[in-house]
Amino acid sequence: MPDDVATRPVRLPDDRWHPLEIVFWLGLVTAFFLFPGYRVLGSQILITGLFAVSLDLILGYAGIVSLGHAAFFGVGAYTAGLLAVYGWGEPITGLFAGAATAAIVGYGTSFLVVRGHDLARLMMTLGIGFLLFEAANKAAFVTGGVDGLSGVVMWKLFGVFTFDFAGRTAYLYSLAVLFILFVVLRRVVASPFGLSLIGIRERSRRIPAIGAPLRQREVAIFTISAAVAGMAGALLAQTTQFVGLDVLSFSRSAEVLIILILGGAGRLYGGLIGAVVYMVAQDILSTYISAAYWRFWIGLLLVAIVLVAHGGILDGATAIYRRLTRGRS
Amino acid sequence: MITRGILATAVASAVAFGASHAEAQNTIKVGAVLEVTGPFASLAKQMTNGMQLYMKQHGDTVAGKRIELIIRDTTGAQPDIARRLTQELIARDNVDFIVGFALTPNALAAAPVVTEAKKPTIIMNAATSVIVSRSPYMTRVSMTLPQVTAPIAEWALKNNIKKVFTLVADYGPGLDSEATFKKTFTAGGGQIVGEVRTPFTNPDFGPFIQRIKDAAPEATFIFLPAGEQAIAFMKGFQERGLPQAGIRLIGPGDVVEDDVLEAIGDVALGAITSHHYSMAHESPQNAAYVKAYTDAYGATARPAFTSVAAYDGMAMIYEVARRLNGVIDGDKAMEIIKGMKIDSARGAISIDPETRDVIQTVYVRRVEKKNGRLFNVEFDKIADVKDPK
């Protein structure tokens, strides 16, 4: 086996589109037509999915643990929200502004985060999250504090599509942003840069030995991840036209971590699948089973899924898929 | 494939529309956006109890239509979820009324939605002044903090309390309450000797209470959200010996909410608060209400102001349905709501036709023990108080 590895030419991962991926994205488009009453929920699932993908970049690929990723989500949300409150309601530029400020905050804090190891990183990200939460809470004259930021007025998307009541624009806009970012990120993780991230995750001490700058790579992916999280936050602010203090809360950081682990970290799609399963389950359970005790059932679901598939839903599904295809050949 | 998708959608939506249309013929749907789980669950529980009690007592049919209550959970102060649930209740469930909202941010986030959909919306708790001004389709049956705060400031002045330390939770209602108290109290010659704002979530009151003790005021003015925080504060107040130091406790009635008063225990004795409802309010209407509540939810259950507001909100829906003969139109409903009078367990209340906010009597009460149980016993009142803003 080691011989095999040694003699095999080094190749980048195959990044052709698998048929199942195409089915997945067509499914998201079809959902728009099939469930017209669920478009608002759908748009929030897509946004949470994008947020989970951003966490996957640092956790799943570079192995940087974080309990405060909502910090960047919140910075993006407040940036886009405040722009619109103060008269600039153009969605696309607002989106990029959210990503830019989140990237700046991400770049600035990345040096603090990448210094330590896992436990220190957990503490550091947690601390940064708390800092920003309380700062936004104290700066109530800007952010609205606990009462939230209202008066977010969005202009029409491309000057044509209003952010309508039933979530049509919100869903398609979120889906388009998610897809474009996903295509870019898919390329990033399949590049030599992406491979070096996996190297960092697996054996960070050996990375300098192959001539790759460890800290710079970590700073780079942390900044990219913060920018993507900021874009997700900006999307939420724009589609809900409100920013609550909870965008920066610890519970949002924890929830996105649960979603990513549930779906499966380290493969981009995990975050999306996790968001779909978690939020659809939450909606069904709290609507049809019990508005008061749905957390019991979601807890049961989480335990059951992780018990059956240790690496999350995607790992479990991959194992089943492999077994099936092997059986056929 | 695309045509098949469209066809399937068309069929599905036709079926869905047909079904909802048939249902809409004979039901009036009420969508409740409530904080059913999370730290504010006790408020939502009281509100749910209040609404369901009214429906149980008055039957679920009015003007030939069945009233259907749909409860959705915001999981706490989550404005994005509250807004989405409001949208879904309107777009998917075709509700005729939106009700609920224990918390201000959730109500504010929903305001643009109900305006766009022209759905009459009844705020059953959230108490920041500004809420009802954010949508012409919103009304409030609970209270505003300035409304219930001003009377305690006046009472303090009349009773020779001149130096007060204020402590409020750092969010909309807390700031409203603090501002009103300071304005009324200092205008009457009182002096604020210190003020603190405590975090909205998970506060540790110890250091704050020590600061109050060190400042040695004649009274402490407190506003905290009803529930767990109030219990924690009152225990700390006692443990650090503030009552022995001659520091009295005053404020709006949230800290000594009826539901948690027994859990706070004897340390609450003597606290003077102003509020619009006490379960010890003496009137035939309230006696009947408390009896119905304990019959329905157990002998030890204690109805609080949150349940009364929800009960009155449901009464408002029944009245609107009767007057509109079961056909709910947003604008017509709001016209009926403006100026509406309700004979509530707290005394008569009415809706201000200008602001759509509640006008009610505010009582001054003292925590006392009767038959081994703690109650807020009313001893003074100010009739027809409006939100001062």
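User: Before the contacts are discussed, what counts as a salt bridge, and which residue of chain A meets Arg84(B) in one?

Analyst: A salt bridge is a side-chain nitrogen of Lys or Arg within 4 Å of a carboxyl oxygen of Asp or Glu. This is a predicted model, in which local features need pLDDT of at least 70, side-chain atom pairs count only at pLDDT 80 or more, and totals for chains, interfaces and linings use all residues; side-chain values use heavy atoms, with hydrogens and water left out, residues are numbered from 1 along each chain as its sequence is written, and chains are lettered from A and ligands numbered from 1 in the order in which they are written. At 3.9 Å from N to O, the side chain of Arg84(B) forms such a bridge with that of Asp283(A).

User: How many salt bridges are there between chain B and chain A, and which element gives the largest share of the side of chain B that touches chain A?

Analyst: Between chain B and chain A the count is 5 salt bridges. Strand S3 (65-73), helix H3 (79-91), helix H4 (104-117) and helix H6 (172-187) of chain B each supply at least two residues of the side that touches chain A, where helices (H or I, at least four residues) and strands (E, at least two) are DSSP runs numbered from the N terminus. The largest share, 8 residues, comes from H3(B).

User: What area is buried between chain B and chain A?

Analyst: The size of an interface is often given as the accessible area lost when the parts come together. Buried area is accordingly the accessible area (1.4 Å probe) that two parts lose on being put together, summed over both. Carbon and sulfur atoms give 54% of the area buried between chain B and chain A, which is about 2900 Å².

User: Which three residues supply 20% of the area that chain B buries against chain A?

Analyst: The contact (heavy atoms within 4.5 Å) takes 32 residues from chain B and 30 residues from chain A. Supplying more than any other three residues, the trio behind that 20% is Asp80(B), Arg84(B) and Arg92(B).

User: Is Ser225(A) buried or exposed?

Analyst: Ser225(A) is found in helix H10 (residues 214-240) of chain A, and a polar atom of its side chain lies 2.7 Å from the backbone oxygen of Ser54(A). Buried means under 20% relative accessible area, exposed over 50%, and partly exposed in between (1.4 Å probe, protein chains only). Because its relative accessible area is 0%, Ser225(A) is buried.

Key: A polar contact is a pair of N or O atoms within 3.5 Å; within protein, one must be able to donate a hydrogen and the other to accept it, and residues adjacent in sequence count only if both atoms are side-chain atoms.
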